[in-house]
Each structure stands twice: as C-alpha cells, then as structure tokens.
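Trainee: I should like to take a close look at one part of this model, namely its aromatic rings and what surrounds them. Please guide me through it in a connected way.

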Amino acid sequence: MLTARRLAGLLDALDASPWGAAAGRRVGRIEETTQPLYTPEERVRRDASPWTLVQGVLAPIQFVVFLVSLGFVLNYLATGEGFATATASVVIKTLVLYTIMVTGCVWEKEVFGRYLFAPAFYWEDMFSMLVLALHTAYLAAVFAGLGDGTFQMLLALAAYAAYVVNAVQFVMKLRAARKQEARMAGGMRAA
C-alpha cells in the first residue's frame, strides 16, 4: 500500500535537487520528530488571526463551488449542452480561488511574516501558483475567445485537477499539524 511515508521516501529517493533542505523538504530519513508546522508564537498568531476563520470558511465553500462547476463542465463535455452555464461556473470558481488566495496570503503574512512561500507551506504555495496559472489561462482563453468550447472545458479540467492536488496537499499538511499538536499536548500532560 502506498502510504504518505512511503510516497515521501520514494520522492526523496528520486529527487536529485541539491537544495532540498533550503526549499523546505526534509533531508534524509523521515522521523517522527519532525519540526512542528507552527512555532508556539506562530500558533498564537494563527489562533488570534481573523483570517484563520476566513480561510476555514472559504475552503469548504470553494470545494462546493468546485464540485458544482465540475458537474457542469462534465455535463457539457458529455452532451455538448450547457456551455454558458459551465463557463459561468468556472469563472465563479476562479473568482473564489482568487479570493481564497489573496486572503490566504494575508493570513500567511500575519502568521509567518511573509505573504507567500513561508517554509511551512512552501510546496503548497508553489503548487498554488500552478493552480492560479491554469485558472488564469482558462479566463484568458474564454475572454480572448481562444479555442472552442471543448478546448476551454478541457483547460478548466486541467485547472481543476491541479486544484484537487493542491487541496490534498493542504489537507495533508493540516492533518499533520493536528497530529503534531495532539502529540505535543499529550507530551505536555505527561510531563
């Protein structure tokens, strides 16, 4: 079975980048004693920031908008009908994406002191740039009239596939943070 630990080990074995540690990746064997996602000061800032709640509300809204839009896009690709509805839904999804990215940058600045590429979320932010680029390319294709409807919807699907990968990245990171915090809390009670 391909677990997160095995996948990380496989990626580490295949990765030839000499800048792994500087780019926020672990170097060497993965151990249980990894550095916490948040320092105690960052955790206090995270918990005090109103942007934490904004992100917590926008993320599920974006996912629902994505699911609805995905249905419209797939319906258009399957039937050739509903192009305007599918297009409007992808535009709305893209606007929600832009909103969550801007508010996420403000959140990252408040918590980590930089708008993007804080070490704790470096790879998630990097992949977010691809997600933004694909969604923006979709908007450019629609507004410039590039390609036919099928091309535009396939571009939307590519953007959506990247979005799903990015969403999984964030969910995995947040789950890891919760596990670390639970271990730390358990260790503090035992001490």
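What is the relative accessible area of Phe63, and is this residue buried, partly exposed or exposed?

Mentor: Please keep in mind that the model is predicted. Phe63 has a relative accessible area of 40%. This value lies between the limits of 20% and 50%, so the residue counts as partly exposed.

Phe66, in contrast, has a relative accessible area of 4% and is buried. Both residues belong to helix 3, where they stand three residues apart, which means about one helical turn between them. A pair of aromatic rings is described by the distance of the centres and the angle of the planes. The model contains 11 aromatic pairs. For Phe63 and Phe66, the ring centres are 5.6 Å apart and the planes meet at 40°. An angle under 30 degrees would make a pair stacked and one over 60 would make it edge-to-face, so this pair is tilted.

Phe66 also pairs with Tyr160. Here the centres are 5.2 Å apart, the planes are at 75°, and the arrangement is edge-to-face. This second pair links distant parts of the chain, as Phe66 lies in helix 3 and Tyr160 in helix 6, 94 residues apart. Both Phe66 and Tyr160 are buried.

Tyr160 leads on to the surroundings. Among the residues that Val90 touches, leaving aside those up to four places away in sequence, are Tyr160, Ser69, Val73 and Tyr138. Val90 is itself one of the residues with the most contacts inside the largest nonpolar core, a group of 21 residues. Helix 3 (50–79), helix 4 (83–112), helix 5 (122–144) and helix 6 (149–190) each supply at least two residues of this core. A second, separate core has nine residues, including Leu37, Tyr38, Trp107 and Val111.

Two residues of that second core, Tyr38 and Trp107, also appear in a cluster linked by ring pairs, together with Phe112, Phe121 and Phe170. Phe121 has a charged neighbour as well: Lys173 lies over its face, at 5.6 Å from the ring centre. Elsewhere, the charged end of Lys93 sits over the ring of Tyr163, 4.0 Å from the centre.

Finally, the setting as a whole. The protein chain has six helices and zero strands. Of its 191 residues, 31% count as buried, Phe66 and Tyr160 being among the buried ones.

Technical notes
Residues are numbered from 1 along each chain as its sequence is written. This is a predicted model: local features need pLDDT of at least 70, side-chain atom pairs count only at pLDDT 80 or more; totals for chains, interfaces and linings use all residues. Side-chain values use heavy atoms; hydrogens and water are left out. A nonpolar core is a set of buried Ala, Val, Leu, Ile, Met, Phe, Trp, Tyr and Cys residues joined through side-chain atoms within 4.5 Å. Buried means under 20% relative accessible area, exposed over 50%, partly exposed in between (1.4 Å probe, protein chains only). Helices (H or I, at least four residues) and strands (E, at least two) are DSSP runs, numbered from the N terminus. Contact means heavy atoms within 4.5 Å. Rings of Phe, Tyr and Trp (its six-membered ring) pair if their centres lie within 6.5 Å; planes under 30 degrees apart count as stacked, over 60 as edge-to-face and the rest as tilted. A charge sits over a ring if NZ of Lys or CZ of Arg is within 6 Å of the ring centre and within 35 degrees of the ring normal.
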